[in-house]
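Here is my note on the disulfides, one helix and one sheet of this model, set out as numbered points. Please read each point with the structure open beside it.

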Amino acid sequence: MKNFHILISLIFPTLFLFSCSVSLVLSFSPPHTDLQNQCLDDQKSALLQLHHDLYYAPNFTFTSKVELWDPNTDCCSWKGITCDALGHVIVLDLSYKNLSGSFHSIFNLHYLQRLNLAGNNFNTTLFQYEFDRFPNLTHLNLSNSCFHGQIPVEISYLRRLVSLDLSNQDSCYLRYNQILDPNIWWYDLPDNLQQTLKLENPNFKSLIQNLRPLTDLYLDSVNISTQRSKWCETISIILPNLHVLSLSNCGLTGPFCSSLSRLPFLSKLFLGGNSISYLPPNFLEISSRLVSLSLVNCNLSGHFPTKILMFPKIESIDISENDNLEGQLPEFSLNNALRVLKISSTNFSGKLPESIGNLKFLTNLILFGSNFYGQIPSSIANLTNLVELDLSFNNFSGFIPAFHRSGVPNVTHLFLQGNHLSGSIHSSVFTLPSLKDLDLCKNQLVGEIREIPNASSSLIEGLYLGFNSFSSMKLDMFSQLKNLRFLDLSNTSLSIESNITSLAFPQLEILELHSCNLTEFPEFIKTQDKLACLYLPDNQIHGFVPNWLWKTTLLELDLSFNAIDFPTEVPFGDANSSFPMLSRLGLRFCNLSMFPEFLKSQTSLKYLDLSNNKISGAVPNWVWKKSLRDLDLSNNSLSSLDQFSLNQSLTSSQGSLSRPICNLSQLLIFNASFNKFSGPIPSCLGNISSLDTLDLQKNNFSGSIPDFAKATQLYWLQLNDNKLEGKLPRSLANCTILRVLNLGKNALYDTFPLWLGKLPALMVLVLQANRFYGPIKHVKNYFQDLDVLDIAFNNFSGQLPIEFFQAPQLRSLKIGGNKLEGKLPRSLAHCKKLEVLDVGKNMIQDTFPFWLVKLPSLKVLVLRANRFYGPIKISEDENAFLELHILDLASNNFSGELPVGFFQSLKKILTIFACLDLSNNSFHGRIPEEIQKLKSLKVLNLSYNSFLGPIPLALGNLTELESLDLSQNKLSGKIPLQLTSLTFLAVLNLSYNQLEGSIPQSYQFGTFSNDSYEGNPRLCGLPLTRKCNEDGLGMPPPKEDGDSWVDGLSDWKIVLMGYGCGLVIGLCIGYTVLNELGNKWLDRFIQSRNKKWRRSSSLEFHSSSSTTEIVSECFWLAVTVLVYQFILSCSPKMIGAQKITASISCPYPIETIRNPTALNSVVKLEADSWKVDTALHCYLKVEMLLHGQKAAVAA
């Protein structure tokens, strides 16, 4: 009881004191209802000053003063403002308001904890602002607001910062430039606008060294290149609490380091657009905690560990735009959490697993531009959360899955373009309730689409059905698609009803009707008042372009491959009408004879293609628009770049800067090749800082090559086949992204340009047929990325360096036609990708280079006309010459017998080895029977040796043989009857041997002339006049020092010879791959650089392929054409019976392309667009016409 009293005595005083305290506090505190409206005067004053200093600038110019807040109300209630209990502003959010102006006054808000100014248009530096006056700031977001310059050091003083976002200032500048030009893309931005913010002083380490509490760091598109290789270790040590790391497009290099595993909380990692190159060994350990990963365009190669796709936490992965990255999709389990999977533009392959249907949370599946194949799994049509599916440009085949509204109710974008899908389109795909874009272009779909189900309720905006094999299609079936904006029906037999103009056809923005057999401009276009892009190429439209086609909304127009014309005056005479301001115009192959007059008014034109017409004379001054970025005048008959009046002339005192062409300050691509231009190349072209591609080949330009000191963005330079003189401009050393330099066939006089070896991106260097002289010098690690080197037919001399060219990527090396001596450098054995090696016509003295046999890709080896000597020694290694097609050892001093082992070593390539030339040596003995193993041999030349004995009967087994030369030997006996089974034999030379008996008369032998057998006095029968019962003598002509007749054939030029069935085109010209055809068709692989694309405009050339893949594509296209050239030289009977097995499909009329110049242009055009089959078929079509072999077409 006593204790209870003591307790009471203690409690009551305490309660009294507590009551007094509460009363005191309440007497000094405002009521709760007034707390939210209390705004301190200094806080409101700072905000009102900010309100005064800002203005709206949606188009980056002053529009109006801002009206964000009502100054008569409490500032704590204003939108975007949050206050603490004492009335201090702690949150300021003015994001995405299109604001500009100054925000100095906010630095008086000392209690601010969160500041968000993202998505505005400030267009200023950050250096002027005092960020260190925010001691309490925890979140700072200044992203996407057009800030530029150095990031101020004051930001590094914000020691409480938890989240920092300075990313994507480039997006803001892209937004600004798209206001000026709606067609511009991020890749078109100048470099200084792609990384506008930078970290130099302070550098990256200095910025973050005091920011240890950071959990979220976003610095995308901030230039951190000063610490490009040290970023990873720095982050791992300084920022242990990171949850989100986003450093896309920051100029970083090297792998992200293993030490990222020290960051236990890291869940989101975004490193796209950096040259990461390869993954660390513990990549799976780092990834096991990740929720999101982006390694887009990181130059990754090798095999990607797809086990990461099965980690339980991973929800989003994007490894797109890594062309050399390989992998296959795994089997997916039911509990997989993936929501986003993007593997586009990679080298991933294999089939899609049926278990992909287990990804129940998947919203985005983007696999375009890879190598997946097989059928599309039916389970993919039951991914109920799927929003976007893109399987374009793979190798999928079979039927399209039955997509239906209950299976994929949320899908908005369905892209299956560019595969091998067949069958008909299931009507249910048009009924998908959320579908907005459907792209089925460029497949093998068939059938007839008669109607669009539920068209009136459809949300479809983009419908792309072109380039399939549908039967006729009526345009009016699309009239009920009220939301339709983009329509592609190219390459269909389109029926346009006469009443279509009276129908309420949807207002289109893009209409593509390539190759629809249209004979006139579709009149329904009259009512299309929103049309921005109209593509009608490759139809049969002729005559003048009607006035109603020129919609004022029109931005892009392509009328190529139509015989159209334009009035001499601008079409519109009505003052109330206006002519459209085009940005893109395609008029190639339009049979134009002059520049269209309406171009005078086109001040906004950016892309103009007038190639492959019949325009002659001078280029009018009004063609040189300052706005032009891409200009193609190639394949015309233009003679002057300037149009002068009678009393004007271009003098040296005027200088080239006064020339109209010098107005093109924004020019990216200029192609004036295959014309008749003469005089000096305008020097101002070297001053255009944006210049990317310059192609002036096949003209008559003279003088020296301009200085390219300011054109540092030059990627492609092709000046071959002109009359240029002097030295190479040393300013080319500043063009650090130069990929292709072709200066062949000029009169340049200089030493070997070793200094070009420092260019890090140079892949193709062609200097052939000039007057370069002196020794070829070499420095280790120079020319490391070189793919093609052609310095043939110059005056280089001296010995080749022992360490000559060890470029690991080198695939074609041509140094023939010089005065080089010594031995063949053994260092060439390190060029593991070498495909073509030509050292012919030098003075190299060495034995047979048996050490080259293990080059895994070698296809062409030319050693002719040197001083090689001794026997051919070669091991019977199973890995010898795995890919060899052509071997030319002619005109050397090889001797001895042909070893059986030589043919044994070629057994791995029996089906591809096509040409063997051992002529003009000192071989003796019998021709080995083992030669019959070369089953694919088409050309065999053993002439001018000392072979003796009978012609092997086994030669009759070479059923592919088309040219056989055994002349000028000591062969004896009869001509084997087995040779008559060589039904493709078009060239036969057995002259000047010791053959006897009657000449076989069956099959091809009835077509050969007297020249094939002369010098064999004991031969008789037709075509010789000597009957078989007569005797006669023939005197062999003396052996000349020069090469045999086949020397011209094996010189890899097209040779026409009157043997057999008329004009024969020699197969061994396969080596023109990188001489004639190769150099021509390489001219657009600039477009293949890593620009990724959704849909290709008909005015643009795109490719997701790497540069190496494109060179390879051109190589094999040329080889294929050359093989077929030779095939076509045989008789129609043989072609029809055995040779042509594929149908010839060329979309161009024969009258259009029978002219060699036009044919070259078509082949080049189609190869540029990667339509390799079309290019080949057009070539064959003309070849068959020229040789009168119409039967081959039917075959």
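1. A residue counts as buried under 20% relative accessible area and as exposed over 50%, with partly exposed in between. At 46% relative accessibility, C1028 therefore counts as partly exposed, whereas its disulfide partner C1020, at 6% relative accessibility, counts as buried. The model is a predicted one, and the values in the points that follow should be read with that in mind.

2. How many disulfides does the distance rule give? The count comes to 5 disulfides, and a pair of cysteine sulfur atoms has to lie within 2.5 Å to be included. The link of C1020 and C1028, with its sulfur atoms 2.3 Å apart, is therefore included because that distance is within 2.5 Å. The torsion about the S-S bond of C1020 and C1028 is 95°, and this link is right-handed.

3. C232 and C257 form another disulfide, with 2.1 Å between their sulfur atoms, and a value of -90° about the S-S bond makes the link of C232 and C257 left-handed. The pair links distant parts of the chain, 25 residues apart: C232 belongs to helix α7 (residues 231-238), while C257 sits in the loop between β14 (244-246) and β15 (268-270). Both ends fall under the 20% cut-off, since C232 has 3% relative accessibility and counts as buried, and C257 has 13% and also counts as buried.

4. The helix that carries C232 deserves a separate look. Is α7 enclosed by the rest of the structure or open? Because 6 of its 8 residues are buried, α7 is largely enclosed by the rest of the structure. The buried residues of α7 are W231, C232, T234, I235, S236 and I238, and they pack against α6 (204-208) and β14. The strand β14 thus appears twice in this region, as a packing partner of α7 and as one of the two strands flanking the loop that holds C257.

5. A disulfide also joins C662 to C684, with an S to S distance of 2.1 Å, and the torsion about the S-S bond of C662 and C684 is about -85°, so this disulfide is left-handed. The two cysteines are 22 residues apart and link distant parts of the chain, with C662 in the loop between β43 (637-640) and β44 (669-671) and C684 in the loop between β45 (678-680) and β46 (693-695). Each end counts as buried, C662 at 17% relative accessibility and C684 with a relative accessible area of 4%.

6. Two further cysteines may be checked for burial. C298 is buried, with a relative accessible area of 0%, and C441, at 1% relative accessibility, likewise counts as buried.

7. The last point concerns a sheet. Which strands form the open sheet, and in what order? The sheet has 3 strands in the order β53-β55-β57, and the pairing is parallel. Its edge strands are β53 (773-774) and β57 (819-821), each of which pairs on one side only. Strand β55 (residues 795-799) is joined to β57 by 3 bridges, and these two strands run parallel; Q799 stands opposite E821 in β57. In general, the strands of a sheet pair through backbone hydrogen bonds, either parallel or antiparallel.

Key. Residues numbered from 1 in each chain as written. Predicted model: local features only at pLDDT ≥ 70, side-chain atom pairs only at ≥ 80, totals over all residues. Heavy atoms only, no water. Helix = DSSP H or I, 4+ residues; strand = E, 2+ residues; numbered from the N terminus. Buried < 20%, exposed > 50% of the residue type's maximum accessible area, 1.4 Å probe, protein only. Pairing = 2+ DSSP bridges. Contact = heavy atoms within 4.5 Å.
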